[in-house]
Structure formats: C-alpha cells, structure tokens
Amino acid sequence: MVDHGAGNLVSITQGLERVGAETVLAAGPHQLDGADGVVLPGVGTPGAAMERLEQAGFVDSLVDWTGPLLGICVGLQLFFEASSEDDSACLGLMPGRVERLRETPRLPHIGWNDLLMSAEDPLWEGLPDHPTFYFVHSYAPAPIDSGLVIGEASYGARFCVAVRDGRRVGVQFHPERSGANGLRVLSNFLAECRSGSEAC
C-alpha cells in the first residue's frame with residue numbers, strides 16, 4: 001500500500017487483511033520491490049496527492065509498475081492525465097481528465113449508491129446483480145476511451161466509477177467502507193495479485 005500521507009490507510013489495510021492479504025505500508029518506492037500488487041489510496045485533492053507522491057519519489061515507480069495496481073477514490077483519479085478540481089497534472093496512466101459531477105441533486109456525492117457493472121470484469125466476480133458501495137466525492141474520471149470503463153453509477157447523471165487497463169484497475173467508491181461487497185472487491189483484487197505471483 002502506497003503510504004503518501006493521504007488515504008484511509010487503516011481501514012483499507014484492515015479490509016485487505018480480512019481477505020487474507022499481507023500488507024506493507026510503503027513509505028518509499030523501494031518498498032514496492034517484490035510486491036505482488038500495489039494499492040494506491042487517496043483522499044483530498046489530486047494536486048495535493050501528486051505533490052506528496054513526488055516528494056516521496058513514487059511517481060516514476062508507479063508509472064513503471066507492471067503488476068496489479070488498484071486505485072481507490074483519489075487514487076483512481078490519479079490514473080488520468082489531469083484533474084479539473086485543481087488544474088493539476090496526474091500520473092497519465094490512462095487518457096482522460098477528472099471532471100466535476102454534473103446535474104447532481106447536491107455535492108459532494110456522499111453515501112450508498114448502486115454500481116452499474118458496464119463490463120464483465122474479474123473485480124466484479126461473485127457480486128450480486130445490483131451491488132451497492134459507499135461514495136464520498138464531487139469529481140470523477142472522464143476517460144477518453146470508453147472501453148476502459150467497467151463500472152458506472154447514477155447521481156443525477158450517469159458517470160464513470162471504475163476503470164481497467166490491463167492490470168491497472170481503479171474504483172471511485174470506497175471498498176473498505178462498503179461491507180461485504182467491498183470485501184469481495186478487495187478479495188478479487190487479491191486473487192489477481194496471487195495469480196500474477198504464481199505466473200512468475
């Protein structure tokens with residue numbers, strides 16, 4: 001787990017350990033060496049998160065990382081090229097920007113909402129047809145390539161909440177705060193990490 005000083009690290013760690021993961025809080029990029037997978041959490045704004053990643057030396061390591069990578073909330077937003085929240089550049093792992101939610105009853109979008117699984121994906125394995133997850137955000141990614149989108153939600157208008165590009169996968173909701181459905185998502189990511197390790 002990337003520890004860049006901005007994330008719900010305790011809850012995410014507890015969730016991962018509940019599904020059988022051995023977690024390490026990586027304070028520097030050298031601690032990613034030998035990992036079977038990486039989790040990039042985040043709260044606050046993308047600009048502040050990028051500044052902390054740069055200060056800790058994580059940026060190049062995350063861009064070059066080829067194993068399973070899970071972005072959560074702002075961690076997902078950092079996958080994209082830039083964010084309109086603070087006009088900040090992000091990691092540029094996927095084409096597109098992070099944009100403010102539109103046509104919403106109010107902001108921020110806080111609470112439980114249905115996940116609309118727009119594509120079959122290993123991350124959704126074993127979930128019910130209409131799973132609910134916990135959200136806290138006012139911005140969401142707007143990928144240029146719609147083929148990256150594996151999940152959406154509706155809050156006034158429909159918007160992207162989950163993406164995948166190869167072994168990089170991210171979710172806008174908080175699996176660590178989403179009960180059994182969230183634990184299932186974390187377990188499915190752990191299974192990807194294990195399968196990659198076995199393949200090596």
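**Exercise 1. Contacts along the chain**

Determine what share of the contacts with a separation of 6 or more joins residues 24 or more positions apart in this predicted model.

*Solution.* Consider the contacts in the chain with a separation of 6 or more; residues 24 or more positions apart account for 69% of them. The chain contains five helices and 12 strands.

**Exercise 2. Overall dimensions**

Compare the radius of gyration of the chain with the value for a compact globule of 200 residues.

*Solution.* Step 1: for 200 residues, a compact globule would have a radius of gyration near 16 Å. Step 2: the chain has 15 Å, which agrees with that value. Step 3: along the principal axes, the C-alpha atoms fill a box of roughly 45 × 35 × 30 Å. Step 4: buried residues make up 51% of the 200 residues.

**Exercise 3. An aromatic pair**

Classify the aromatic pair of Phe-133 and Phe-173, and explain which parts of the chain the pair ties together.

*Solution.* Step 1: a pair of aromatic rings is described by the distance of the centres and the angle of the planes. Step 2: for Phe-133 and Phe-173 the centres are 4.1 Å apart and the planes make an angle of 20 degrees. Step 3: planes under 30 degrees apart count as stacked, and this pair is stacked. Step 4: Phe-133 lies in strand S8 and Phe-173 in the loop between strand S12 and helix H5, so the pair ties together parts that are 40 residues apart in sequence. Step 5: both Phe-133 and Phe-173 are buried.

**Exercise 4. A second pair**

Classify the pair of Phe-135 and Phe-173.

*Solution.* Step 1: the centres lie 5.9 Å apart, with 75 degrees between the planes. Step 2: angles over 60 degrees count as edge-to-face, and the pair of Phe-135 and Phe-173 is edge-to-face. Step 3: Phe-135, in strand S8, is 38 residues from Phe-173. Step 4: Trp-124, Phe-133, Phe-135 and Phe-173 form one aromatic cluster.

Note on methods
Residues numbered from 1 in each chain as written. Predicted model: local features only at pLDDT ≥ 70, side-chain atom pairs only at ≥ 80, totals over all residues. Heavy atoms only, no water. Phe/Tyr/Trp six-rings, centres within 6.5 Å; stacked < 30°, edge-to-face > 60°. Helix = DSSP H or I, 4+ residues; strand = E, 2+ residues; numbered from the N terminus. Buried < 20%, exposed > 50% of the residue type's maximum accessible area, 1.4 Å probe, protein only. Rg over C-alpha atoms; globule rule 2.2 N^0.38 Å. Contact = heavy atoms within 4.5 Å.
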